[in-house]
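The exercises below are meant to be worked through with the sequence and the structure side by side. Try each task before reading its solution.

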Amino acid sequence: MRFGKRWGILALTLALTLALTLAAGCGAAPREGDASRSGGSSAPAEDGALRVVATDFPCYDFARAVCGDAAEVTMLLPPGTESHSYEPTPRDILEVQGCDLFFYVGGESDAWVDTILESLDAPVNSLRMVDCVELLDEETAKGMTAREEPGGVTEKDEHVWTSPANAAEIVRAVEAEMEDLDGAHADEYAANAENYVNQIETLDRDFRTFFAAVQNKTLVFGDRFPLRYFAEEYGLTCYAAFPGCSTQTEPSAATVAFLTDTVKREGLSTVYYIEFSNHLVADSIAEAAGAQTALFHSCHNVSRADLEAGATYVSLMRGDLKTLKATMR
């Protein structure tokens, strides 16, 4: 373990001890904005209901779809938070310590989860999304500005939920986990999961129907590319500025030139960018190629407004389908 990581864990543990002492003496004071931090409450679950803590939006959405009213589901990261650079707080440790199931992606973007797990007084039941489906390597496609891999090892691509077929399998895995933990509500979990899987499978069929009629299945992203599973599922050819978990924001001149030439050569009308991007790279490529830009939502992150408006994985992906119908030929 590196010194920096050991020090981070020690600091969090000391802070957690202080937090627990204060909580025991006078009750834990809520932070400003805690009431709307996520879709679930940070207070103990009522009526003995199980508590599920999910790290980010896809985990949260699949868990709440399965649990319904039978269990309390909380999203650990506040809406709009960048998971790749997130630093857990003592309150996060308290949330996880007190839950019945901790659901997280398990990829590079939430490596900080290890800090939480190593700081707990006792192990908690946990489910990693990356353990629910078959993984692919993160791809550095032609033209990308590559990132340096730690130790020269290629990372597995963690964005498994972007394939609707994978999303359905993940929902079933959450269902199985909840039924094991809470057999009294097994029928409710099964019914909720079946309902959401049906919605996802309908979405999948609609994507397949659309792509079957599209002649040019090439997409260009002036951004990171967290959509390999989506592209593999539907036989798409995709080019992008950076790999999915890259922290880079400025592509090389060669990358910009390659993507611009690709847009022109393929006769593409649109350069795509992902949520919470400043889309400057996409704008630059589109301007040079005489194209437009459009958002493609990877469903990794949502704004507070989206969450409060009831956004779901299915609704966001249906938005992507609508965008593709308007921009692909």
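**Exercise 1. Determine how many disulfides the structure holds, and decide whether Cys99 and Cys238 are buried or exposed.**

Solution. The count for this predicted model is zero disulfides. As a reminder of what was being sought, a disulfide is a covalent bond between the sulfur atoms of two cysteines. For the second part, the cut-off is needed: a residue is buried when its relative accessible area is under 20%. Cys99 has 9% relative accessibility and therefore counts as buried, and Cys238, with a relative accessible area of 14%, is buried because that value also falls under 20%.

**Exercise 2. Give the overall make-up of the protein chain: how many helices and strands does it have, and what share of its residues is buried?**

Solution. Begin with the elements: the protein chain has eleven helices and eight strands. Next, turn to burial, where 49% of the 329 residues are buried. Finally, look at how contacts are spread along the sequence: among those between residues at least 6 apart, 68% join residues at least 24 apart.

**Exercise 3. Work out the strand order of the open sheet of four strands, and find which strands are its edges.**

Solution. The first step is to list the pairings. Strand 1 (residues 50–54) runs parallel to strand 2 and is joined to it by five bridges, with Leu50 having Ala71 of strand 2 as its bridge partner. Strand 1 also pairs with strand 3, again in the parallel sense, over three bridges, and here Val53 stands opposite Phe102. Strand 3 in turn pairs with strand 4 over three parallel bridges, where Tyr104 faces Arg128 of strand 4. Between these two strands the chain passes through helix 4 (residues 113–119), in a β-α-β crossover that is right-handed.

The second step is to put the pairings together, which gives the order 2-1-3-4. The edges are strand 2 (71–75) and strand 4 (126–128), each of which pairs on one side only. From one strand to the next, the twist averages 20 degrees.

The third step is to see what lies against the sheet. Helix 5 (residues 164–181) packs on it and touches strand 1, strand 2, strand 3 (101–104) and strand 4, while the direction of helix 5 makes about 170 degrees with that of strand 3.

**Exercise 4. Which residues show that both faces of strand 3 are covered?**

Solution. Recall the general pattern: in a regular strand the side chains alternate between the two faces of the sheet. In strand 3, Leu101 and Phe103 are on one side, whereas Phe102 and Tyr104 are on the other, and all of these residues are buried.

**Exercise 5. Describe how strand 5 and strand 6 are joined, and explain why strand 6 can be called largely enclosed.**

Solution. Strand 5 (residues 218–225) and strand 6 run parallel and are joined by six bridges, and Phe221 has Ala240 of strand 6 as its bridge partner. The chain passes from strand 5 to strand 6 through helix 7 (residues 228–234), and this β-α-β crossover is right-handed. As for enclosure, six of the seven residues of strand 6 (residues 237–243) are buried, so the rest of the structure largely encloses this strand.

**Exercise 6. Characterise the aromatic pair of Phe221 and Phe296, and state which parts of the chain it ties together.**

Solution. The structure holds 15 aromatic pairs. In the pair of Phe221 and Phe296, the ring centres are 5.9 Å apart and the planes make 70 degrees, which is edge-to-face. Phe221 lies in strand 5 and Phe296 in the loop between strand 8 (292–295) and helix 10 (304–308), so the pair ties together parts that are 75 residues apart in sequence. Phe221 counts as buried at 1% relative accessibility, and Phe296 is likewise buried, with a relative accessible area of 1%. Both belong to one aromatic cluster, whose members include Phe207, Phe210, Tyr234 and Tyr272.

**Exercise 7. Where is Ala311 placed, and which residues is it in contact with beyond its neighbours within four places in sequence?**

Solution. Ala311 sits in the loop between helix 10 and helix 11 (313–327), and it is buried, with a relative accessible area of 8%. Leaving aside those sequence neighbours, Ala311 is in contact with Phe57, Asp61, Arg64, Asp306 and Leu316. Phe57 is 254 residues away from Ala311 along the chain, yet their C-alpha atoms are separated by 9.9 Å.

Note on methods
Residues are numbered from 1 along each chain as its sequence is written. This is a predicted model: local features need pLDDT of at least 70, side-chain atom pairs count only at pLDDT 80 or more; totals for chains, interfaces and linings use all residues. Side-chain values use heavy atoms; hydrogens and water are left out. Two strands pair if DSSP finds at least two bridges between them. Axes are lines fitted to C-alpha atoms, for helices over the stretch in contact, and angles run from 0 to 180 degrees between N-to-C directions. Contact means heavy atoms within 4.5 Å. Buried means under 20% relative accessible area, exposed over 50%, partly exposed in between (1.4 Å probe, protein chains only). A crossover is right-handed if, with the strands pointing away from the viewer, the path from the first strand over the helix to the second runs clockwise. Rings of Phe, Tyr and Trp (its six-membered ring) pair if their centres lie within 6.5 Å; planes under 30 degrees apart count as stacked, over 60 as edge-to-face and the rest as tilted. A disulfide is a pair of cysteine sulfur atoms within 2.5 Å.
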